[in-house]
Amino acid sequence: MVRVLICYASFSGNTKETAELIAETLRNDGYEICLYRIGSGNIPDPSLFDVIMIGSFTWAKGATPNDVKDFVYEVGYKPPYVFIFGTGDTQFGGDLLFCNAVDKLAKFYNTSYEPLKIEQSPRGSQEVRVIAWTKGVMKHCLQYLVK
Ligand SMILES: Cc1cc2nc3c(=O)[nH]c(=O)nc-3n(C[C@H](O)[C@H](O)[C@H](O)COP(=O)(O)O)c2cc1C
């Protein structure tokens, strides 16, 4: 059984909704998942999971939220098979700063699959993108992982 850890930070709920949609997609496909809200207590041990997904919103002028930075430091190493998703809003600095925290995290973890960037809430027309990304990440991983 492939185990997936989904860690996310969310202030007003958009990234939480995205994380929950990812979790639902994975559950429906038979994966074992753990959903952890960054800052909500002890971080699950990443070494117990095959795949790790990290989600973040973007804060003022493209910043990564402090809770997410603390999480990264606390984990303290770069596990293999980390994938990044997040939400943002192009009204805060246009394309240049849109989901900038997602880009920074993906660069930091040197991810092997393109990160997912969602404009505000994932509900509605963007849901299909979240589902497609989740399935795409798992297909990509299963090349390397034994089920
Ligand atoms: C003060 C403030 C600054 C923001 N700056 C950015 C930004 O630079 N880039 C971006 O893409 N989104 C920016 N946003 C938008 C949030 O990232 C976006 O609303 C996101 O979906 C919030 O996620 P959450 O609902 O999970 O907290 C900003 C929002 C606020 C309130």
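Helices (H or I, at least four residues) and strands (E, at least two) are DSSP runs, numbered from the N terminus. The model is predicted: local features need pLDDT of at least 70, side-chain atom pairs count only at pLDDT 80 or more, and totals for chains, interfaces and linings use all residues. Residues are numbered from 1 along each chain as its sequence is written, and side-chain values use heavy atoms, with hydrogens and water left out.

**Exercise 1. Describe the largest pocket and its lining.**

Step 1. Fix the term. On a 1 Å grid over the protein atoms alone, a pocket is an open set with protein on both sides within 12 Å along at least five of seven lines; a cavity is a set of points where a 1.4 Å probe fits but cannot get out; lining residues have an atom within 4 Å of a point.

Step 2. Take the volume, the space filled by probe spheres set on the points, which are joined across faces, edges and corners. The largest pocket has about 340 Å³.

Step 3. Find the centre. Of the 20 lining residues, Thr58, Trp59, Gly88, Asp89 and Phe92 are the closest to it.

Step 4. Assign elements. H1 and S4 each give at least two residues to this lining.

**Exercise 2. Place the ligand and list its side-chain polar contacts.**

Step 1. Locate it. The ligand sits in the largest pocket (more than half of its atoms lie within 2 Å of the grid points).

Step 2. Check the elements. Helix H1 (14–28) and strand S4 (82–88) are those that give two or more residues to the shell around the ligand.

Step 3. Pick the neighbours. Ser10, Phe11, Ser12, Thr15 and Thr87 come nearest among the 20 residues around the ligand (a heavy atom within 4 Å).

Step 4. Read the contacts (pairs of N or O atoms within 3.5 Å). The side chain of serine 12 has an N or O atom 2.6 Å from a ligand oxygen. For threonine 15, a polar side-chain atom is 2.7 Å from a ligand oxygen. For threonine 87, that distance is also 2.7 Å.

**Exercise 3. Characterise the second largest pocket.**

Step 1. Its volume is about 160 Å³.

Step 2. The lining is Thr64, Val68, Lys69, Val72, Tyr73, Lys104, Leu105 and Phe108.

Step 3. H2 and helix H4 (100–108) each supply at least two of these residues. H2 gives the most, with four.

**Exercise 4. Describe the largest cavity.**

Step 1. It holds about 30 Å³ of space.

Step 2. Its lining is Leu5, Pro46, Ile52, Ile54, Phe71, Val75, Pro79 and Tyr109.

Step 3. Strand S3 (51–57) and helix H2 (66–75) each supply at least two lining residues.

Conventions: A polar contact is a pair of N or O atoms within 3.5 Å; within protein, one must be able to donate a hydrogen and the other to accept it, and residues adjacent in sequence count only if both atoms are side-chain atoms.
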